[in-house]
Structure formats: C-alpha cells, structure tokens
Amino acid sequence: MSQTTLYPVVMAGGSGSRLWPLSRVLYPKQFLCLKGDLTMLQTTIRRLNGMECESPVVICNEQHRFIVAEQLRQLNKLTGNIILEPAGRNTAPAIALAALAALQHSQNGDPLILVLAADHVITDEEAFRHAVRDAITYAEAGKLVTFGIVPDLPETGYGYIRRGDIVAGVHDSVAFNVAQFVEKPNLEIAQAYVDSGDYYWNSGMFLFRAGRYLEELKKFRPNILQSCEKAMSTVAQDLNFIRVDEEAFLSCPEESVDYAVMELTADAIVMPMDVGWSDVGSWSSLWEISAHTAEGNVHHGDVISHKTQNSYIYAESGLVTTIGVKDLVVVQTKDAVLIANRNAVQDVKKMVEQIKADGRHEHHIHREVYRPWGKYDSIDAGDRYQVKRITVKPGEGLSVQMHHHRAEHWVVVAGTAKVTIDGEIKLLGENESVFIPLGAIHCLENPGKIPLDLIEVRSGSYLEEDDVVRFEDRYGRV
C-alpha cells in the first residue's frame, strides 16, 4: 500500500427531485435509507472501511449541514470535517475546495484525494476497494483517474467515457487513456457503445493528487481556482463545519469537473470498475437493484399486495395495498402519494416542477423535519393554529427565542422538559403543560437521559418557521 496520504472527499450536494416524494429539497436522496439500514451517505462512508485513508471530508450546502453532522456522528466520523458551500457551483469548484483543504492539512507532501458521490449504490464493495487501490499507482505518477463503470446494458441516462490506448500498470491492473467523454446517448447509440466494448459509464468518481488537480485547474480554468483560493484563505471553523468566504465563493463560475479539467487535460485515464454500481437516478433503477418477491415486487414498510407484479411499493406511514396491477411505482409519505407507471418515472421531475409552480411546499420539505436538537412532525393545521409533535434528543435544546405573531402551548408526552420563560425555569414531566405567551423569551431543553416528546399547539396570525428571533443558540444559528 502506498505511503501517500489518501483523503476521501464525499460530494453530498444536490436535491434529487427524481426520487420525489421521498427526496425533497431539504432532505434529498443522499440522506435517505433506500437500501438497507444506513443512509446513502453513510453507506458511502462505510464503504471505505478496510482502506488506509483519513477521515472523509464531506462537502454539502448550508441547508443540509445538521443532517450531515448527525449522520456522521452516528458513524463516529464527525471530526470537524464538513465543508459548507455557500451555494452550489457544481463539482469543479467543490473539488478545488477539498484539494486546497487536503494540502493545508497534509503532513506527507501532495496527498491523494478520492472523490465520491454520496448517492451511489455499489453492491460489490471489495471490488470497489480493489479498484481504488489499483488506481493509486497511476494517481501517484500524476495521472488524473476517473472510474468507468463496465456497462451491462445500453443505459441512456448516463454519460459515457470512450477508452483509448492501454496505460502500462502494475500487477494485474488495467487502465486506459481517456479518448472522449460522451453525453447521454439515445438507445441505438448506447447499444452500439456497449457492443463495442470501448465505452464505460461515467461514474463521477475520481482519484488524483490534490496538487495535480489544482495545477490542471489553473491551466484551464484559472478563474475557478482564484475564487476557491480566496474562499479558502479566510475559512472559519464553526462547530464541526468549515465555512469558506461566502463572497469569494459566490464569484466562482459554475462548472463540472469533466468540462473544467477532465476533458481538457492530457493526463486523464479511465480505470474500469465492475462493482454493481448504480446512481439510483429513478424509481425504476431503485426497483432494479432491490430484492424482489416471487412476483417481482419490492415492498418497503406496511404493504399488502394481491395479484400485483413487477411493482415498487413504499409505505412510510400506514398500510398501502395493491390489487391487480403491474409495473407500478407507489410511494406514500406522510403528506404526498406518487402513483406512476414504472416505465414513465423519468417524468417525476416534471411533476415536481408543477408542484413548485403551483406554489406548494411538498417538493421542498417533508412533514417531518430534522433539526440539530431533534425533529418535529406537523400533525395538523388550520385557520390560526398548528399542531406539532416535537422530539428533543437527550442533552440537547432549542435556542433562546421569541415570536412576534404566535403563542404556544406545550404538553409533555414522554421524558422531562426544562422550560425557561422570561427567566423563570420550570421542570415538566409527563402530562404536564405550559403556556408560552406571544412575545415571551423562552427556551426548551431536555435535561434527561431519554428523548423528550411533547405536543406543541401554535395559535396566532402568522405561524411559519421564520417567525423567530434567536438570542442564544448552541448550534450557531443566531
């Protein structure tokens, strides 16, 4: 194994609208448990077990920072290693931030960075690790390695990489010069690509030295590098988050790493990877990679099917039943239901666009919302009132805050609540309640060892989440 330090970089941005209604703007697919007990982000990080590498750096946007932190904490991988993008600028700038950070922290020369997406499925993880190890020698020699997935069907939803001449390797490893990056083809062209044996799916995974990537970025897109260098020159550590200079990063052009570097450099090579890979880009692709019943169905949650074939059925809350149907996708969440032909799920994105155009919120946020202190579930709402179930994790607490337009009534269901109202502290147990008057400065904490569950009833003329003035906050949100 190489002595060069290896820094995994996990790209966890994006909104993933093609898996609506599970995937939302504020809770996209990379944070969901779609296959197994771990989220896609957690599975990506767990896949690195057995490799000699540093703790992964995760790049995400501001809106998702506490979700990422909690999922890393659950894996014991939270080490101040989350870089926050003030806004999405595609992959070339994001990788530049990670490369600059790796160079700053490396004590062993020019480190390697392994760029991974947080929303991919890989079924043969040992083969994945083997391919990465094989690619290290090429990357150490200054090559920019991209991993090409060996195709098993003419997929029209992926870009392709055409291989060129073979590159001399070590042991039994095989790599090729990159001859061409190809956009998503139609079915006839995709079939020709697969039949030729010269094309791979473009996985969006990379391995190269941090300094080499920045050298090539300076050569082809110096404006991107300049913006990123300026953004990283005044970073601020905020809890477990690394905040870059917002103004500098917002001035950065938006461009993918393929366009900015990989299609232009003379040192791009492609390493074939046959690992059971999928980017889970649609409900049909999730159906394909999931375990099926004898009838070809995939069930998740409380589902009963009768005379149903080749369908994907997901129940988040409550029983979902199907009778006499086939080739359907049925996805039920607490606030939305999707019913689609399995062969037409590419149009889910159009439905999301319609929901957004109609001024609705179901594309943006789930009924159940996660916060750094826990979560809340919007149970009911009507004219001048809202009802929420709030769960506060042990030892955590909400900010010291007040509201201009609403009063609140809290009823403890389980656990112990420490409530401060205008400086007066109260301890509440099960079935006890308290009233928070409009304009009162208040705080809710869980001093106990078990989760605190309470019912909150809001009343007033304006009940949205942005009616809050924070005075103190342990999560830096003041």
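Three bridges join strand S14 to strand S16 (residues 312-315), and the two run parallel. That pairing is a handy way into this predicted model, which has an open four-stranded sheet with mixed pairing and an open six-stranded one with antiparallel pairing. Salt bridges come to 32, and a few of them are picked out below.

**The four-stranded sheet**
- The strand order here is S14-S16-S18-S19.
- S14 (298-300) and S19 (337-341) sit at the edges with a single partner strand each, so one side of each has no neighbour in the sheet.
- From one strand to the next, the twist averages 5°.
- Looking at the S14–S16 pairing residue by residue, His 299 has Ile 313 in S16 as its bridge partner.

**The six-stranded sheet and the C-terminal domain**
- UniProt, in an unreviewed entry, lists residues 359-473 as "domain: Mannose-6-phosphate isomerase type II C-terminal".
- Over residues 359-473 the chain is 56% strand and 0% helix, with its end C-alpha atoms 31 Å apart.
- The six-stranded sheet reads S20-S21-S22-S29-S24-S27.
- Its edges are S20 (368-371) and S27 (433-436); each has just a single partner strand, so one side of each is left without a neighbour in the sheet.
- Neighbouring strands in this sheet are turned by 20° against each other on average, ignoring direction.
- S20 pairs with S21 (residues 374-382) in the antiparallel sense, over four bridges.
- Arg 371 has Gly 374 in S21 as its bridge partner.

**Around helix H5**
- Asn 186 caps the N-terminal end of H5 (residues 187-196), with a side-chain oxygen 3.2 Å from the backbone nitrogen of Glu 188.
- Just past the helix, Gly 197 takes a positive phi of about 75°.

**Salt bridges**
- Asp 238 and Arg 243 pair up at 2.8 Å, N to O. Asp 238 is buried at 17% relative accessible area, while Arg 243 is partly exposed at 23%.
- Glu 362 and Arg 360 meet at 2.7 Å, N to O. Glu 362 is buried, with 8% relative accessibility, and Arg 360 is partly exposed, with 47%.
- Arg 474 and Glu 445 form a salt bridge at 3.3 Å, N to O. Arg 474 lies in the segment after strand S30 (469-472) and Glu 445 in strand S28 (residues 442-445), so the pair ties together parts 29 residues apart in sequence. Arg 474 counts as partly exposed, at 39% relative accessibility.
- There's also a network of salt bridges that links Lys 143, Arg 212, Glu 215, Glu 216, Lys 219 and Asp 267.

Notes. Residues numbered from 1 in each chain as written. Predicted model: local features only at pLDDT ≥ 70, side-chain atom pairs only at ≥ 80, totals over all residues. Heavy atoms only, no water. UniProt positions renumbered as here; feature names shortened; annotations may be inferred. Pairing = 2+ DSSP bridges. Axes fitted to C-alpha atoms, helices over the stretch in contact; angles between N-to-C directions. Polar contact = N/O pair within 3.5 Å; in protein donor to acceptor, adjacent residues only side chain to side chain. Salt bridge = Lys/Arg side-chain N within 4 Å of Asp/Glu carboxyl O. Buried < 20%, exposed > 50% of the residue type's maximum accessible area, 1.4 Å probe, protein only.
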